[in-house]
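Grab a pencil and work through a few exercises on the model shown here. Try each task yourself before you read its solution.

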Amino acid sequence: MKIKEISERYRAVISIYAFLIIFVLIFSIFFPVFRTPLNISNILIQITPLALVAIGQTIVLIGGGIDLTVGVVISLTTVITANAMGLPFVGILVGLILVFVISGSIGFINGFLCNETNIPPIIITLAMASIIKGLNLLYRNEPGGQVPKILNKIIYFKMGIIPISILIVLLFYGIFAYFMSRSKLGQYIYAVGNDEKYSRMAGINIKKVRLSTYIICALMAGVTGIVLSSRVGSGSPLIGDNYLLDSITAVIVGGTGFSGGSGFILGTLGGATLVALMSNALNISNVSPFYQYIVKGSLLLIAMILNSIRKK
Amino acid sequence: MNSIYNKTEIKRNNTKGVFVKIFSSYGIYIVIFLLVLISGIVSPKTVDPKNLIEILKNTSVIGIICIGQTLLILTRGIDLSVGAQVVFINILVAGISLGDPKKTFITILIVLAVGAIIGLFNGVIAVKLKIEPLLGSLGVMTLLQGISFLYTKGFAKGSTPPFIRAMGIGRFFNFLPISVVIWIFLAIVFSLLLSRTIFGRYVYAIGSNPKAAGIAGIKVDRTRLLIYAVSGVLTAIAGLIWSGFLGTPTLTGGQYLPLDSVAAVIIGGTTFAGGKGRIIGSMIGAVIIVYLSNFLTIIGLGIEWKIIAQGLIILLLVFIYVGRKSYK
Amino acid sequence: MENNEILKISNITKNFTGVRALNDVTMSLLKGEIHAIVGENGAGKSTLCKIVCGVYGYDKGSIIFNNVVLPNGDPQKIKELGISMIPQELGLLPKLTVLQNIFLGNEKGRAGIIDTKKSIKISNDILSDIGIKLNLNTEIARLSLDQQQFVALARVLATDAKLIIFDEPTSTLSSEEANNLFNIINQLKKKGITIVYISHRLEEIFSFADRVTVLKDGVLVSTEIVKKTNKEEIIIKMVGRELLKTFPEKSRIMDKVPVLRLENLTLKNKLKNISFEAYKGEILGIGGLVGMGQVDLVNVIFGNEKITSGSIFLNERLIKSIDPSKAIKIGINFLSSDRRGDMLFMNRSVKENISIGTLKYRQKMGFINMKSEKGIVNNKIKELNIITPNIEQEVQFLSGGNQQKIILSRCLIKKPEVLLLDEPTQGIDVGAKEEFYRVIRQLADEGLTIIVIFSDMIELLGMSDRILVMHEGKISAILNSEEASEEKIIKAASGLKTKTE
Amino acid sequence: MKKILIGFLVIVVAVSIVLIGAGCNGQAAETTTASQEKFTIGYDIYYEGNVWSLQMVEEFKYHLQQEYSDMVKEVFYTSSGYDVTKQLNNFDDLVAKGCDIIFIQPLDPTALVDKIKEATDAGIYVIVFAIGMEGEDFTAYVNCDEVQMGQVKGEWMVEQLNEKGQVVPMNGIAGTQTCIDIANGWNSVFEKYPDIEVLPEVFTDWDYAKTKIEMTNVLQAYPDLSGVVSYDDPGAIAEAFMEANHAWMPITWEDENRAMRIWKENKDKGLKAIVQTKPAWISYDALKVGMAVLKGEPYEKMNIIPATVITEDEIDKYYKPDLPDQVYCLTTLPNDVLEELVGKVAQ
C-alpha cells in the first residue's frame, strides 16, 4: 500500500533512475572502459555544470514559467569571473560578489517583467537573452581573461575518483530538494505553478514567489558560470549557449512537466546525469561523432513522449 | 471559471488610452517608419533604392519562413527547427541534383515533399502526441542536424542547379530579385487565404479558442496538421531560395533563422495567446530585423547591437500589444 | 443586538466592466449565528462573500470585522483576522496533496520550514472531527467531488476562523452527505463561530439557519429572521414577483412526436443505460446534483464524447459515430454553460463568432461570400436584438447576455431540430434572463426540441415541460411539470427512487 | 507503470543498438598481423561541420592506413563542434580510453594547458597541430607560423594597393589563437603604412553563408573599399562580389577548389589574388611526428612548416577541374579517395 503510493507519486523519478541503471549496466558490460575509475571520475566532472544549471530551470518550470536566459547568463558570468578574479586574493571574492549581484539582478528583471506584464515568460526571457548576449559580446567578443588556477585546483580536486565538483552538485541538490519539499516558499512555488488564482485566494503572494523562482534560476546559472570558467581557466562570451537546450532537456528527461506545478528536483539530477552520460557514452563506444545530434534529439523527444503518456 | 482574470483584462482593454490603442494596431508601421527615418538621417546610404532592394532580397528567405511561422503561432504552435530544415533542404538540393539541370524539376518536387513531411512530423508531435511544440521542434531541430551530418558524412556533395540558383540570385531586368517576387507573391496569397477563406477563419478560430472551435464543428486536429504541413512546404521553398543564394551545400548557417523568424512574427503583432495577427505584420517584422543588421553594419556597428536592439524592440512592442498584468 | 455584532458591511458597491455586481449593500452578521444568503444565479451572493474575504476588491463602502476595518482585497490579511470562505469551486490545487492543500497559505512551522509532523497531527484531528478518513498524501485530483468538499472544509477549520462562509456547499452533496455537513455546521455554531451560508435550496435554510438575507440583481432586498418568515415570501423576494409570472406560459403539446431517442446509452463510468425520448416542441429540463452526469449526457448527444455502448436515434434514424461537426450537420446543436471556455472566440469579432459554424453554406471554392455573411449576421443581430456597436466588435467587450445571444444565434443560423442547453442563464443579469426564457420557449413553440440543464431549482421548475432527474449517471426520475415539486426532485437527486410515469 | 517500463526497455534497446551498432561499423579496430608493437590513437576533430577540418581527418586516416597500419591497435575520433567544454570532455574521454597518443587542435589557447600537462606527465603523448596554444607542455607542435602568414598576406596587400587604400579583414573565429595570430601578423604590417585604413575585423566562423552575407553588407557599407585581406572562405567572398557585380579588387585567397575555379575564371577580369595558406595535409605532418615519437625515433618538438603559396600562374597546377567545389586543392589524397568523399563533379 505505502510502497504503491510512493511509486505512484515518484513514478517519474523512479523510472528515470531505473533507466539510468539499465543504461549504465549495458555500457559497463559492452565497454569495459566505461567502468574504469578514470572514466567514472570524468563523467562525474562532465555532469557538474549541466546538473547545476538544471536545478534553476526545474524550479522555474515547476513555478509555471521558463527561463531562456540561463545560457547567456552562464556565458556572461564566465566572462565576469575571468576578468574580475584577475587581481590576487581579493579577486576571487570580488568576482563571486559581482557574479551573484549581476546574475541575481538579471533574474530579478525576468521575474519582475513576468509579474508586471502580460508578455508570456518565453518571450520575455527570449528578448532578455538576446539583450544580455549582445551586451556580453560588446563587453568582450572573444574568450580571454584569467580565472585563478586555485579555483580549478579546489573545485576539480579528486579524492580518489570523487571530484569535489560532484560534491558541490550533491550539496546543491540536497539543499534544493529539501527546500522544494519542506519549505513554505517551495510549497508556494508548486502552488503557483498549479493555479495562480487559487494560490492568491489561499493568500499566497504570487508575485514574490514567481520573482524568487527566476532569481534562484539566474543565481544557479551564475554558479554554473563560475564552475565552468574555473575549469576552462578563462571566460568566453559563447561558452554557455549550449546549456540552454541541454538544461531544458535535462529537466524534461527528469520528468518535470512543462505545464508547471509538478516535478522533482531529484528527477532533474537523473536527467542531467543521463544527458551528460550520453555524450561520454558516445565517445567511449567510439560512435562516429555524426551520431551525437541524432541521439540527443531522440532522447529529448522520447522523454517528452513518455511524459505525455504518463499524464494519461 | 477564470472570470476575474478575463474581466479585469477586458477592463484594461476598454480603458486603453487612445495613444496605446493606435500604437497597438499600427505600432509595427510606426517602428519601421522611425527606423527608415533615423537610418536615412544617420546614413543616407541605407535608404538608397539599391540598398533597399538588397535588404528585401536578404529578407526573402526569412520572410517566407515567417509566413509559415505566423500560421503556426496563430494556432498556438511554433517551429524552431526551420533553421535546420533550410540547411537540410540545401544539402538535399545539391545531393539529389548534383548540379544537373535535367534533374531540377524532380529535385524541387522531392524537396517540397520532404518539407511537407518534416512539417507533418512536427505536427504529429505537437498535435497528436500533445508535446509542447517549442520543445518538440527543438528535438526535431537536433534530429535534422544529425540527419544532415549522417547524409553527408561532413562532405556535402553536389552543387545547386542553375534554375534553383536563379531563384536565389536571379533578377528580373537585372533589378528586381526573383526571390523577392516569390516571397511577396506567397505573402499576398496567404494574407488572402487568411482574410477571405474558410481556412483563414478556421485558423483564427482555432488559435483564439481550440475547444470552442471543436464545438463549433471545426476539425481542429486535422486543420492544425495541415497548417504544419503547409509551413513545412513554405520552409522548403525558403530552403530552395537559400540554396540558390549560396550555390553550394553547407552544413552550417541558418542557425539564426528560428529565433529571428519568431521575433519577426511577434513584433509583427501575432500574440502567443493565438487568434490575433496578420501576415503583413510579420512581413514588416522580418524586414525590420534584416534592416536593423544591414543598417548597423553600414554605420559600422557590430552584430551585437542588432541583437540588443532586437530584444528591446520585442519587449517594447509586445508590451504595448498585451499591456500590464492586473491582479485585482 | 448591536453589542454582539461581529461583521458590519456598509454600502458596498462593486462593478465588473459595465456589469454592476453589487449596489450599495449594507448588512451585518451577529456572533455565532447561521446566516443564510439567498438569491438567483447572478444575484451577487458569491461576489459579496468574495469581497468580504478579499478575493475581490470593492469600489465603494467599508467592512468592519470585530471593530477593525478590513483591508480592501487582501485575502492573506483578512484570513489572519479570522474570516475564511469555502468557494463554490473549492479553490484546491489539483496537483498538490491533501496535506499540502489543508495548510496552503498558513503552513505550520518556523523560519519558513514546514513542521510536517505537527501538520499531519492537526489535519488528522480535524478530519476525524468532521468524521471522514482520507490519505493525506493523495493528490486532490484523485479525490471525488464530495471528498474534495471536505478537504476544503478541513482547510478552513485549520485556520482558527471566527467567521466561515459556505458558498453553495450542498450542490455536489447527496442528502446524507449534506446532513453530515449540517451537523458539522451546527457544531461550529456551538463553538461560537459565525456561519454565512449561501444557497438557493430554501428547505435547507429553513431547516437550520437563524437569519436569511435575500439578494436580487446585486441589491439587498431584505434580511429576515427565519422563524418569522416562510418560503413563499422568500421566493417572491428572490424572484421579484410571483414565480409563475417570471417564466413564459408553458405550451401543451398534445401529440408526442419523439424527435430524439436514447436507448440504454452508456459512457464509461459516467453514464449507465440512459434511455428516454425527447418530443418535438418540448423543453426537457435535466436536474440533479452537480456532477451526476447531466453535462456528460448532453456532451454525448452532441458527440463531444464517444459513447461506450447504446444508441442514439434522431427521428427514428440511428446515428452512428457522431462528432460535433456531424451533429451540427444533422441538426443537433449545443450551448455550453462555460461560454468563455467552450463557445466564444473572445478576441474575434461578433461577425466571425456568429457565422463560424455555418461558413460552409456561404462559400465558393473556400472563399467566403462576405456579402451574404454580413446579411445573415445582421439579421440575427436584429432578431435577438444583440447590442453591439458594430459587427466587427470583439465579443470580449460585450455583456454576458449579449455574448449568450451571439452563441445562440450561431446555433440558429442553420435551424437545428434538437438544441442542447447547459445552464443557459448562468452569469447573465436578470433582465437578460427573462428575455432568454422567452426566446427558449418561443423556439420550442416553433417546434425545436430543447434539452436544458438547470441547477437552479426555480428555473428547472419554471421552464421545463418535463423534468429528468439524474443521480450518479442514472436517470432517477422523469417528472411531468404538473407533478414535479422541489421535494420530489431533491429526493430523486439524492438517489431515492420516486415512482412516476 | 507497466507502459513506462516497456517504454524504457524500448529506448534502452534502441539506444544501445544505435550506439553499439554504430560503434562496431564506426572507425573501430583496424588490426593487422604484423608483430610490431601496437598503439591506441586518439584524434579530436575541432568541428565536424567544417570541410577543411574534415579533410585534415581524411588525410590523417589515409596515411595512417597506408603507412602505419601495423602500429595501430585502435583509433578513436571525437568531435568538439567549436565547443571548448566539449573538447575538454573529449580529451578526458580519449585519455580514459587509454590512448597512447592524442592529436588535437585546441579551440582555446589556455583551456587545455593543464590537461595536456597532466596527460604528458602520465606518459601520454599529445601532438598539438593546426591551431596554436600557449605553453610548451605538449609532446610536439606542428603548425605554420601564423603571425608570419599574416605578415605575408599583409605585405602582399600593401604592395597590391601600393601603400594606400581601405582594407577589410575577414577572419574566422574570434578568440582562437590562429585567428588572433594571423590578425596580429597583418596588423603589424598595416600600421607601418598610415595611408592604409583597416576597417573593423569581421568574424564569420568560417561559415560559408555567414561569410557571404557579411561580405555583401561590407560591400554595401564601404563603396571605396580597395582590398580584402582574408583568412576566410574566398569562395563565399567572391560570390558576394559577383552577385553585387562589384569590381574585383585584391583579395588574399585560399586553396578551396571553388575558390581556385573562380580565380581561374576571373584572373583576367581584374581579380588579383594569392593563396598563401596552411595546407590540409598538416595533419599528415602531425601524424609523421607522432609516429616518430611512438617509434622512439628522434623528432622535433616545435615543427613550424612553411605556408604554401600559390601564385596566379600556378593555378592550373593545383586546381582540380574534375572534382567538385568543396575539396581543398592542397592535398596529398589521390583523386579516387577524394571522389569517394565528395563525389564526382556533375557534367
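Below are five exercises, each with a worked solution.

This is a predicted model, in which local features need pLDDT of at least 70, side-chain atom pairs count only at pLDDT 80 or more, and totals for chains, interfaces and linings use all residues. Residues are numbered from 1 along each chain as its sequence is written, while chains are lettered from A and ligands numbered from 1 in the order in which they are written.

**Exercise 1. Work out the overall build of chain C.**

Start with the secondary structure: chain C comes to 18 helices and 24 strands. Both are DSSP runs numbered from the N terminus, helices being H or I with at least four residues and strands E with at least two.

Next, check the compactness. The radius of gyration of chain C is 24 Å, close to the 23 Å from the globule rule for 501 residues, so chain C is as compact as a globular protein of that length. (That radius is taken over C-alpha atoms, and the rule is 2.2 Å times the number of residues to the power 0.38.)

Then look at the extent: along its principal axes, the C-alpha trace of chain C spans about 70 × 50 × 50 Å.

Last, burial: 46% of the 501 residues of chain C count as buried. Here buried means 20 or more other C-beta atoms within 10 Å of a residue's own, exposed means 12 or fewer, and partly exposed is in between, with C-beta atoms placed from the backbone.

**Exercise 2. Lay out the open sheet of chain C that contains β3.**

First, write down the order: six strands run β6-β9-β10-β3-β11-β12 in chain C, with mixed pairing. Strands pair if DSSP finds at least two bridges between them.

Now find the edges. β6 (83–86) and β12 (219–225) of chain C each have a single partner strand, so one side of each is left without a neighbour in the sheet. Neighbouring strands of this sheet are turned by 20° against each other on average, direction ignored.

Finally, zoom in on one pair: β3 (residues 34–38) and β10 (residues 194–198) of chain C run parallel and are joined by four bridges. In that pairing, C:I34 stands opposite C:I195.

**Exercise 3. Do the layout again for the open sheet of chain C that contains β15.**

The order is β18-β21-β22-β15-β23-β24 in chain C, six strands with mixed pairing. At the edges sit β18 (332–335) and β24 (474–480) of chain C, each pairing on one side only.

Six bridges link β23 (residues 466–471) to β24 of chain C, and the two run antiparallel. C:V469 is found opposite C:A477 here.

**Exercise 4. Which non-glycine residues, C:N67 and B:K130, have a positive phi, and how exposed are they?**

Take C:N67 to begin with: its phi is about 65°, and it sits in the loop between β4 (60–65) and β5 (68–69) of chain C. C:N67 has 8 other C-beta atoms within 10 Å, so it is exposed.

B:K130 has a phi of about 55° and lies in the loop between α5 (104–128) and α6 (133–152) of chain B. With 15 C-beta neighbours inside 10 Å, B:K130 counts as partly exposed.

**Exercise 5. Describe where chain B touches chain D.**

Count the residues: 26 of chain B are in contact with 24 of chain D, contact meaning C-beta atoms, placed from the backbone, within 7 Å.

Then see what supplies the chain B side: α3 (49–74) and α13 (279–298) of chain B each give at least two residues.

Definitions and conventions:
Two residues are in contact if their C-beta atoms, placed from the backbone, lie within 7 Å. Axes are lines fitted to C-alpha atoms, for helices over the stretch in contact, and angles run from 0 to 180 degrees between N-to-C directions.
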